[in-house]
Amino acid sequence: MSATQILLLIGAYFLVLILISYFTGKNDSNADFFKAGKQSPWYVVAFGMVGASLSGVTFISVPGWVGDSQLTYMQVVIGYLFGYFVVAFVLLPLYYRLNLTSIYEYLNERFGVVSHKTGAFFFFISRVLGAAFRLYLVAIVLQQFVFDDLGVRFEITVVISILLIWIYTNRGGIKTIVWTDTLQTLFMILAVILSIVLINQELGWSFGEFMASDEFKNYNAFLVNDDFLARNYFIKSFVGGMFVTICMTGLDQDMMQKNLTCKSLKDAQKNMVWFSFVLVGVTFLFMLLGALLYIFAQRNNIGMPLMDGSPKTDLLFPEIALNGGLGLALSVTFMLGLIAAAYSSADSALTSLTTSFCVDFLNVQKRDEKAQKKVRKQTHIVMSILLIIVIIAFKYILSSNVIDSLLTVAGYTYGPLLGLFAFGIFTKHKIKDSYVWIVAVISVVTIIFVANIPADYLGGYQVGYELLPLNGLLTFIGLWLIRKKEVVPSIDQ
């Protein structure tokens, strides 16, 4: 597939998204931008959230990771499933009861202004880094397989990507995202299924023959339960995955903003339950695709693609799809899936960052409608520029597999949110609000220190994704230490 053909495909895809935004953004109101008028059908939200949760990271990075981790990432994914039930039946009732626009408004009502700003700040850092991770991954693929051939610099690729997202989210915001995510999820799922079918056909297998093959046995290790010291030991991965979901979905404005557009709490809970099972199944398909890619590469002597002179497992899928001689159908399918994966998470991230900054830091809800719209539009532009800067910076500082990097960073930045919400929901204590930011900073610094302790110093124990719940626990303990003597009913009781 030539660079020109890919550009035409991207152009056609964005014309469809812009058309959707035209119909959903006609009102250009803050009510639609932030909450979609609370009229979104739950099944549309559920389906669209699959794509937003998977993103370009799952689409490219998870299959590439299979060579090192085999299917052990599914241990984390099983943890995700249990985490989604916590979100559905513990956090969503709270958010709907309080009729929140930004979920961090809860911290203001429960503890005070400093807690509110602290929670919003850690979300802001988390989402900027998370969105940048996802878009960076897609940008390097587009750069390597399209724009390098056209002599376009990586920085220009990033600017164009963000500009296109800004164009179709500028007016409709979350109301547009709910519907564009549905289309993008459809393309992603079709891409992974068709990729599995087409590669199996090229290898001369049926799906059942692939699953029963000796070659697949080299990649089908699922559980790591024989070495507690290992970083990916089952209990550590499961618990870490559960808390990753609670934090990166339930305590994340990006994901919760979609849920809060549903008509009722019951609809939002149905959305979350159905979404969780579909997501687990689709992620498993991506893992199987990863095994197929490695088998195909070995049979055809395809080496690991290089970026800046170093092997890059994240580029294996695009290398085979675009240059593996498997035909135009797979190339088109891959590119549609890749574009959908990239923008299904990036567009909602940009919208949620704009929402959180407007509501949590600028108190836009206290201004008149005309001023609200002006502030929202200006903030949307600023958030776009910020994402551009961070993505470009990643090119020069990021070296490991992107999905691994993303989950590691989540352990640092979402911990204070976990501790704050847990303390608010499960205790009745007030706290000395002015000290909250100190507790959060100490917790994060401590976790960074723990994460970098050599395994030899810990008797061979390798720290993994359990950093996130540990971070939340440290924050919870810190809040307990700064609690006030009086005990009052919490607002969610």
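In the predicted model, helix α18 covers residues 415-426, and its end C-alpha atoms are 16 Å apart. This separation agrees with expectation, because 12 residues at 1.5 Å a residue should span 16 Å. The helix is mostly covered, with 11 of its 12 residues buried. The buried positions include the glycines Gly415, Gly419 and Gly424, together with Pro416, Leu417, Leu418, Leu420, Phe421, Ala422, Phe423 and Ile425.

Several residues of α18 are in contact with Thr475, a residue of helix α20 (residues 467-481). Apart from residues up to four places away in sequence, Thr475 touches Gly415, Pro416, Gly419 and Leu420, as well as Val439 and Ser443. With Ser443 there is also a polar contact, in which the two side chains are joined at 3.1 Å. Thr475 has a relative accessible area of 1% and is therefore buried, the cut-off for this class being under 20%.

A second threonine, Thr413, is placed in helix α17, which comprises residues 402-413. Its relative accessibility is 9%, so Thr413 likewise counts as buried. The side chain of Thr413 forms a polar contact of 2.8 Å with the side chain of Ser126. Beyond the residues up to four places away in sequence, Thr413 touches Phe122 and Ile125 in addition to Ser126.

Phe122 also takes part in the packing of helix α6 (residues 113-147) against helix α19 (residues 436-451). Two packed helices are described by the angle between their axes and the distance between the axes. For α6 and α19, the axes come within 8 Å and cross at roughly 30 degrees. On the α6 side, the contact is made by Val114, Ser115, Thr118 and Phe122; on the α19 side, the contributing residues are Val436, Trp437, Ala440 and Val444. By residue class, this contact of α6 with α19 contains 6 nonpolar and 2 polar residues, and no charged residues.

Helix α16 was examined in terms of its length and its N-terminal end. The helix consists of 29 residues (369-397), which at 1.5 Å a residue should span 42 Å. The distance between the end C-alpha atoms is 42 Å, and the two values therefore agree. The N-terminal end of α16 is capped by Asp368, a side-chain oxygen of which lies 3.1 Å from the backbone nitrogen of Lys370.

Outside the helices, Gln70 is located in the loop between α3 (42-69) and α4 (73-98). The relative accessible area of Gln70 is 23%, so this residue is classed as partly exposed. With neighbours within four places in sequence set aside, Gln70 is in contact with Trp65 and Met287, and with Lys217, Asn218, Tyr219, Asn220 and Ala221. Between Gln70 and Gly290 the C-alpha to C-alpha distance is 8.5 Å, although 220 residues separate the pair in sequence.

For the protein as a whole, the model contains 20 helices and 4 strands. Of the 493 residues, 60% are buried. Among contacts with a separation of 6 or more, 86% are accounted for by residues 24 or more positions apart. The accessible surface comes to about 18,800 Å², and carbon and sulfur atoms contribute 65% of this area.

Definitions and conventions. Residues numbered from 1 in each chain as written. Predicted model: local features only at pLDDT ≥ 70, side-chain atom pairs only at ≥ 80, totals over all residues. Heavy atoms only, no water. Helix = DSSP H or I, 4+ residues; strand = E, 2+ residues; numbered from the N terminus. Expected span 1.5 Å × (residues − 1). Polar contact = N/O pair within 3.5 Å; in protein donor to acceptor, adjacent residues only side chain to side chain. Axes fitted to C-alpha atoms, helices over the stretch in contact; angles between N-to-C directions. Contact = heavy atoms within 4.5 Å. Nonpolar A, V, L, I, M, F, W, Y, C, P; charged D, E, K, R; others polar. Buried < 20%, exposed > 50% of the residue type's maximum accessible area, 1.4 Å probe, protein only. Areas by Shrake-Rupley, 256 points an atom, 1.4 Å probe, with all protein chains shown as cover.
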